[in-house]
Structure formats: C-alpha cells, structure tokens
Amino acid sequence: MSNTEEIDAANIATASEKLRRLHPLSWLFVLVLQLRQFAFPLIILLFTGRGDRYELWSLVGVAALAIYSVFQYFTYRYRVLDDELIVRSGVFQKSVRHIPFSRIQNVSITQNVLHRLFNVAEVKLEAAGGVKPEAQMRVLSLADAHELEELIRGHAMVAQMATSAVDTPAADTEILHKLSVIDVVKLGLINNRGMLVIGAAVGFSFQGAGDLMGSLINKGVKYLFGWSDSMHLGASGTALSVAFAIVVFLILVRLFSVLIALLQYYGFSLSQLGRRLTVQRGLLSRLRSSLPLRRIQAYGLSEGWLHRRFNKRSLKVDSAAGVAMNEENKSPLRDLVPLAEPKEMDELIARFLASDQWPIQTWHSLHKAAWQREFMLPALFVSIAGVAGAFFYPAYAAILVLLIIPVLFLRAKVWSAHAAFAHTDHLIAVREGWLSREWRFAEISKLQGLSLREGILDRRYGMASLYLDTAGAQAMSSTFRIPYLPREQANILMAQLSTKISQGPLPF
Amino acid sequence: MTTEVTQETPALDSTQQWRPLAASARNVFMGVAVVWTFVLTLVPASIAVIAEDDSPLLYLLGALMLACFTSGIAAYIAFNRWRNTYWRLDDEALYVRRGKTWFKQICVPRSRVQHLDFERGPLERRNGLATLVVHTAGSHERALRQSGLLLTDAEYLRDVLVPKDRGSSE
C-alpha cells in the first residue's frame, strides 16, 4: 500500500479510531501455539530417550520463537475506521492491509482454557472466497473482541438493510435452538467421535513412535494371553473373553465420545440476527462463529439407527469458503444443528430456506430396477471373493462370505423403498440410506454444475445418475447425486435444472 | 481475429447441435497417447530386463513387443476418446459429453462460469488446436477441461463464456 493512502486514512480517523495493539499478553499465546507443534515430538523424544542433541536444538528454537513472538506483538497494530479495518504487521517485511467491513463475512471468536484464564480471545475475520482468514488477531482482550464483533456485525446489518428493502431483519438476536446436557450426551453416543480420535491416535503412534506403540501392544497381548492361559479357558473361553474385551472397548469408546461431545458442544446455542446465524458452544474452550444464511450451499440431514432410538436428527451444511476453519480444518458451523427432533428440525430448515418448500410433500421414486442396480455390484464382488476364498481356505469360509448376499439383498430392498428425489420450484433433494437415512438438498440457485453419468450396468437397465455440484462440498462427505433415474427422466431433469440455474442470479 | 471467429461460427448459436472435436485432434490424441505409453512401458521393462544378467537381448525384444502392444491399446482408447467426445453450447449452458462405455455428460451453466483458461501446447499450436478450461465455484468438478478443440471454436467459446459483470452484491 502506498504512503499517501496511509496518510489519508490517518486524516480521516477520529479520536476514537486510534491505533490499537493486541492484548499485552498476546506474545504468550503465540508462543504457546507454536510450542504446541513442538510438544508432541518432544514428549516422544523424552519417552523414547533418543536424540539428546535434538532436544537442545529444539530449546534454541523455542527461544528464537519466543523472541519472534514478542516482536510480532510489538509490530501488530490495527485501526478501526468508519468502513474499514487497517491492519499493520510484520517484523522485517512490513505489511499494511485494508479490510473493508463489507468484505468481512464472519467474525469468529475462540477462547480456550488459557484464554479464559486471562480473559482474552482469539479473533478471526473471514472474507468471502478465502480459505485463510483475512486477519487473525491472537489475542485481544475479550472486551475488545466483542467490540470489534459488534462493530462489524452492525455494519453488515446496516449494509444489508440498505441493499435489500424487502428483507426486514429482526431487531435483536433470536435463539433458535439449544442443546441441553442430556442432548449433548445423546449426541456423543450417536456421533461416536471417539472412534475417530482413537483411530487417528493409533495411526499417528504407528507412524511417529513405532517402537513405543509396538512394545505397548506386545505387552498388552502377552498380558491378555498370559491371563487367559492362567485361567485355563480353552478355545471357546478365549473367544468369549475376546468378544467381551471388544464389547468393553466399544463401550469405552462411546463414553469417550460423550466426553468429547461435552467438551465441544456443551452450552450449544444457535441464534439468528437478521439473516445471519451464530453458533456458540464449548465447555472449556468457547467458540463463537457466525454465518450469513445465504452462504449455506447445501444441506445434509441424517438419521442413524441411534438417532431413531432418541427420536432425533442431525443437520450438516456446506458453506462456501469464508467460514472460520478450526484446527482440524473443519468449519465449526458445519454441524449447524447437531441434534433436534424431526419436527423441530423441519421447522428450522424451513426457516433457513425461508420458504415453505420444506418439508417436501411429493417425492419421486427412482428407476424401478434401482434396487437391482444397488444390489448387483456388491453382490458380484462378494461372490467373487467367496469363490476365490474357497480355493484358499476351507470351503465353509466361502459359504460364510456368501451369507452376506442375503443381507445385501435386504439392504437393496430397504434402500430402494426409501430412496427418492424431489424437485420443487427452488429445491432439489434426494434421500437415501437403509439403516441410517440421509437427505441431501440444496437450493437450485446454489448449484454450480451438473453431470449425468451412465456406466455399463446402468445402460443395461436404461438408467443414469445425475451428479450435482455445489460450492464448499466437503471432500469426505458423500457426493450429492440423484442415483439411478430412468435415462429419459435424467435428461429432462438435467435440462430443467440447467434452465432454472441460468435464470437465477449467482448466489453469493 | 474476432471478425474471423464470427465469420466461421455463425451457425453455432442457431443450430445448437452436438459438435465433434477437431479432426486434427485425432492424430494429436493418438500420437501423444502412443508416445507416452510406449516410453512408460519400454523404459521400466528394459530396466527390469537389463537388471537380470542372462540373455538380455531376447528379453529386450519382448519388452519392445510389450511396449508396442500397450501403446496400441492406448491408441485405440485415445481414438475412442476423440470419437466419443462432443460439445454443445446453447443459451443456458455449455455441455460436454464423453465416452460410450462409461458415458458422462457435463453441464456448466453459463451463469456459473467463474473464469476461463485458454491453453495451447506446442503440438496444439502446430495443429491449430486449443484447450479450454472452464472454472466454476463448485467443489467436485470445479474445472471442466476440454482439449482437442479447434482454435476458432475454443476462441469463440472463450469470448462467449467470459463472465459478464453481474453487478456483484458484495
């Protein structure tokens, strides 16, 4: 940025728009954050007792980081003007960044335990279409953080009212949904996040500390076998105890998941201010993040077996980049409504869509032979595996594998009874699943591209699948597609959608 | 340049028919496929043969034949890829259809085009071809890349598909 611009900005600034710094302790938090990346390898080094020299080096590194953090604190300054924020930073390479308020889509405030101890918060300002935050303030005092949040939000509200007269935003925040502690416990039981964490930990330890993990597993297995030997259980007894151990393990994982859910979702509340949603949650580290409703690109409603036991459903949303990503590179707003009763969920969705098209009244079924198509391919693989297995193992092993086929048949039948798609004026939706059910839907104006696919098997049945592409879809989540439509119908649907997309404006 | 384009492609908008790839793209597709497959088969196969000590000459001949075989298959696949690819542009969208065994028809609505890339390699320049990459804000299929377009067609598409100023709401 040029010098003249800076001077201009300085002239415009009134007394209240003074130059601000981060919180005086912010160097500490920068340091802690950077240390965390060193901590794990360091601990492993300490435990395995290898590489004394590296420890020394890492100490030197820590010292350098500490000095750098202090410098960073002294150089980071920001100034709030009428319609923009100016951030200056840089130790050697100075940078001045002008961020117009109108560009900021989201202000997210995070507080972990350490932050709460010192009454400070980390603030991220997100712009549209960026994965990295526009500005990241590590850390501000809580009062400053809230002031900034209010300021930017207030500005967004004013801008919105100016641009769209039709929209009449509510004056104050309205709480749409809350989770009680019992709900959070249920959520933990349902989502079973503990399994993911354990899986990741196991994967990491095999990679990072092979020896440590290997010896642990060795000892554990030896202990188990020694124990079962000493009990003189015999084959069936051993099998029983192994089964018991597995059950205990699974229960422990669920309990662990409940703990994680409590940490992440305690005190969850979803509120709406104007056309903007705000989520607040967390037991130890508090998180608050907001999302303009129009940035929601696609919805995913799911109902697993356990969901049904509790009479609940979960809603996830894809949002275009510009929503604060947390450490796991996942938007904290992805799980927009983690758990709600079906009726309440429908009301919430109708509210988000701002239309009465949800819940959808008329669903259209897929191709008549869709269940065959769904059954055929896995059944073929299982048969091949079974036949191949018969050559290598005792024949009964193959027969056991073939027992899966009736299950696959049942699955295909149940799946096809539920699978359907819907196409209303503004919505395109598809539902699938058998044990756990899923609804995927999006506003047609949010679709970015379409593709029609037809494989060899599909051609035999005269069917095609329509794939719908939206912005911000997670790589890991299942693709948004309407499977196994009659070929002609798929073509017509594609043409209809294409027409509707072309008529609508670009949804950003 | 633009006058040339409008002269050569006036029927495009009105007919809205499926149009094949450029005729010269066939040889480019097949040539590239053959050369790459030949090299990528022959080199590892030769190394494997030479690593063994006894009678490498006969085995080298075998590696050569293997390379010919695989590049023949590659040529066949490339030919089919060329023959089965069509594109169409109408008022609403750009369509591309590919393949026969695994058929796929892609539709990029014109109002969803974010930006375009226009690419020409040395072989494409020599044969009057171009590659067009159409970017959208989507996630799984954020870029539609189509090579083997006639230069004039690609230029026409580029000019027509360039996003107009839609009066951003931001």
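## Chain B at a glance

How many helices and strands does the secondary structure of chain B come to? Six helices and seven strands. Keep in mind that this is a predicted model. Reading from the N terminus, the chain B elements go α-α-β-α-α-β-β-β-β-α-β-β-α.

Chain B has 170 residues, and 39% of them are buried. If you take its contacts with a separation of 6 or more, 54% are between residues 24 or more positions apart. The accessible surface of chain B is about 9,700 Å², and carbon and sulfur atoms account for 61% of that.

## A sheet shared by both chains

Now for something that involves chain A as well. Seven strands line up in an open, antiparallel sheet, ordered β21(A)-β20(A)-β19(A)-β4(B)-β3(B)-β2(B)-β1(B). Its edges are β21 (481–486) of chain A and β1 (19–20) of chain B, each of which pairs on one side only. As background, strands of a sheet pair through backbone hydrogen bonds, in either a parallel or an antiparallel way.

On the chain B side, β2 (residues 86–89) and β3 (residues 93–98) are antiparallel partners with four bridges between them. If you want a landmark there, B:W87 sits opposite B:V96 in β3(B).

## Strand β10 of chain A and its two hairpins

Is strand β10 of chain A enclosed or exposed? The strand covers residues 276–281, and five of its six residues are buried, so the rest of the structure largely encloses it. For that count, buried means under 20% relative accessible area.

β10(A) has antiparallel partners in β9(A) and β11(A). With β9 (residues 269–273) of chain A it shares five bridges, and A:L270 faces A:V279 of β10(A). Two residues separate these strands in their hairpin, where A:G274 has a positive phi near 65°. With β11 (residues 286–292) of chain A, β10(A) pairs over six bridges, and A:R276 has A:P292 of β11(A) as its bridge partner. This hairpin has four residues between the strands, and A:G282 in the turn shows a positive phi of about 120°.

## Nonpolar cores

Some context before the cores: in soluble globular proteins, nonpolar side chains tend to be buried together. Here the largest nonpolar core holds 35 residues, and those with the most contacts inside it are A:L270, A:L315, A:L336, A:V337, A:F352, A:W358 and A:F441. Helix α11(A) supplies the largest share of this core, five residues. There is also a second, separate core of 33 residues, with A:L366, A:A369, A:W415 and A:L485 among them.

Which residues does A:L336 touch, not counting residues up to four places away in sequence? They are A:F268, A:L270, A:L277, A:V279, A:I296, A:L315, A:V317 and A:F352. That list ties back to the hairpin described above, since A:L270 and A:V279 are the pair that stand opposite each other there.

## A nonpolar patch on the surface

Nonpolar side chains turn up on the outside too. A:V113, A:V181, A:L259, A:L263, A:Y266, A:L283 and A:L284 make up a nonpolar surface patch, with about 570 Å² of accessible area together. One of its members, A:V113, belongs to helix α4 (residues 113–118) of chain A. With a relative accessible area of 45%, A:V113 counts as partly exposed, because that category sits between the 20% and 50% cut-offs.

## Backbone oddities in chain A

If you're checking torsions, look at two cis peptide bonds. One joins A:R138 and A:V139, with omega about 0°, and A:V139 lies in strand β7 (residues 135–141) of chain A. The other runs from A:W358 to A:P359, again with omega near 0°. A:P359 is in the loop between α11 (342–353) and β15 (364–365) of chain A, while A:W358 was already listed among the high-contact residues of the largest core.

Two non-glycine residues with positive phi deserve a look as well. A:N192 has phi near 55° and is located in the loop between α6 (181–191) and α7 (193–208) of chain A. A:A354 has phi of about 55° and is found in the loop between α11 and β15 of chain A. Which one is buried, and which is exposed? A:N192 is buried, at 18% relative accessible area, whereas A:A354 is exposed, at 52%.

Definitions and conventions. Residues numbered from 1 in each chain as written. Chains lettered and ligands numbered in written order. Predicted model: local features only at pLDDT ≥ 70, side-chain atom pairs only at ≥ 80, totals over all residues. Heavy atoms only, no water. Buried < 20%, exposed > 50% of the residue type's maximum accessible area, 1.4 Å probe, protein only. Core = buried A, V, L, I, M, F, W, Y, C linked by side-chain atoms within 4.5 Å. Contact = heavy atoms within 4.5 Å. Areas by Shrake-Rupley, 256 points an atom, 1.4 Å probe, with all protein chains shown as cover. Patch = residues over 30% accessible without salt bridge, like charges linked within 9 Å, V, L, I, M, F, W, Y side chains within 5 Å. Salt bridge = Lys/Arg side-chain N within 4 Å of Asp/Glu carboxyl O. Pairing = 2+ DSSP bridges.
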